[in-house]
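Biologist: Please pick one part of this structure and take me through it closely, giving the cut-off behind each term as it comes up. I would then like to hear how that part connects to what lies around it.

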Amino acid sequence: MSTESESVGSGGGKVVPVIVWNEGSRRFETEDKEAYVEYVVRDNGNVMDLIHTYVPSSKRGLGLASHLCVAAFQHAKSNSFSIIPTCSYVSETFLPRNPSWNSVVYNGAGKI
């Protein structure tokens with residue numbers, strides 16, 4: 001089952017990409033499926049482990065990785081899931097730049 005969710009942009013006329021939740025492939029992806037963040041479900045379906053973020057070189061620098069992460073974190077928050085930020089982009093770049101999402105991060109016993 002796929003559902004679409006548009007991530008929140010910063011305005012200023014920027015085009016905000018539509019991010020699709022591809023539940024069967026366990027990833028959030030751009031409509032063209034070229035950029036994505038993959039996850040593994042853990043803890044009886046209560047935790048999403050974000051394991052890999054990919055943006056092709058032709059689309060880097062557009063903020064797609066951040067939009068993908070926002071879609072994944074919004075999905076987790078709205079469904080009361082926690083996130084394990086295994087992917088280095090998520091743990092070393094996205095979360096330090098977006099500390100408000102730390103409330104969704106899994107700490108071993110649930111959310112931090």
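Modeller: I will start with a charged pair, Arg-27 and Glu-29, which form a salt bridge whose closest N and O atoms are 2.6 Å apart; the term stands for a side-chain nitrogen of Lys or Arg within 4 Å of a carboxyl oxygen of Asp or Glu. The model is a predicted one, in which local features need pLDDT of at least 70 and side-chain atom pairs count only at pLDDT 80 or more, while totals for chains, interfaces and linings use all residues. Residues are numbered from 1 along each chain as its sequence is written, and side-chain values use heavy atoms, with hydrogens and water left out.

Both Arg-27 and Glu-29 are buried, a word that here means under 20% relative accessible area, with exposed meaning over 50% and partly exposed the range in between (1.4 Å probe, protein chains only). Glu-29 also meets the side chain of Lys-33 in a salt bridge, at 3.8 Å from N to O. The two ends of that second pair have separate labels because Glu-29, at 2% relative accessibility, counts as buried, whereas Lys-33, at 47%, counts as partly exposed.

A further salt bridge joins the side chains of Lys-59 and Glu-34, at 3.3 Å from N to O. Lys-59 sits in the loop between S5 and H1 and Glu-34 in the loop between strand S3 (27–30) and S4, so this pair ties together parts that are 25 residues apart in sequence; helices (H or I, at least four residues) and strands (E, at least two) are DSSP runs, numbered from the N terminus. Lys-59 is partly exposed at a relative accessible area of 22%, and Glu-34 is likewise partly exposed at 37%. Returning to the opening pair, salt bridges that share partners join Arg-27, Glu-29 and Lys-33 into one network. Across the whole structure, the search finds 5 salt bridges.

Turning from charge to the nonpolar interior, the largest nonpolar core has 27 residues, and those with the most contacts inside it are Phe-28, Met-48, Leu-50 and Phe-73. Such a core is a set of buried Ala, Val, Leu, Ile, Met, Phe, Trp, Tyr and Cys residues joined through side-chain atoms within 4.5 Å. Two or more of its residues come from each of S2 (18–22), S4 (36–42), S5 (47–54), H1 (64–78) and H2 (88–97), and H1 gives the largest share, 9 residues. Leaving aside neighbours within four places in sequence, Phe-73 is in contact (heavy atoms within 4.5 Å) with Leu-50, Ile-83, Val-90, Phe-94, Leu-95, Trp-101, Val-104 and Val-105.

Val-90, Phe-94 and Leu-95 are the buried residues of H2. They cover an arc of only 90° around the axis, taken from the directions from the helix axis to the C-beta atoms, and therefore lie on the same side of H2. What covers them includes S5 and H1, while Glu-92, Pro-96 and Arg-97 are exposed on the other side of H2.

As for cysteines, the search of the whole structure finds 0 disulfides, a disulfide being a pair of cysteine sulfur atoms within 2.5 Å. The sulfur of Cys-69 has its closest cysteine sulfur in Cys-87, 6.7 Å away, and is therefore too far for a bond. Cys-69 counts as buried at 0% relative accessibility, and Cys-87 counts as buried at 6%.
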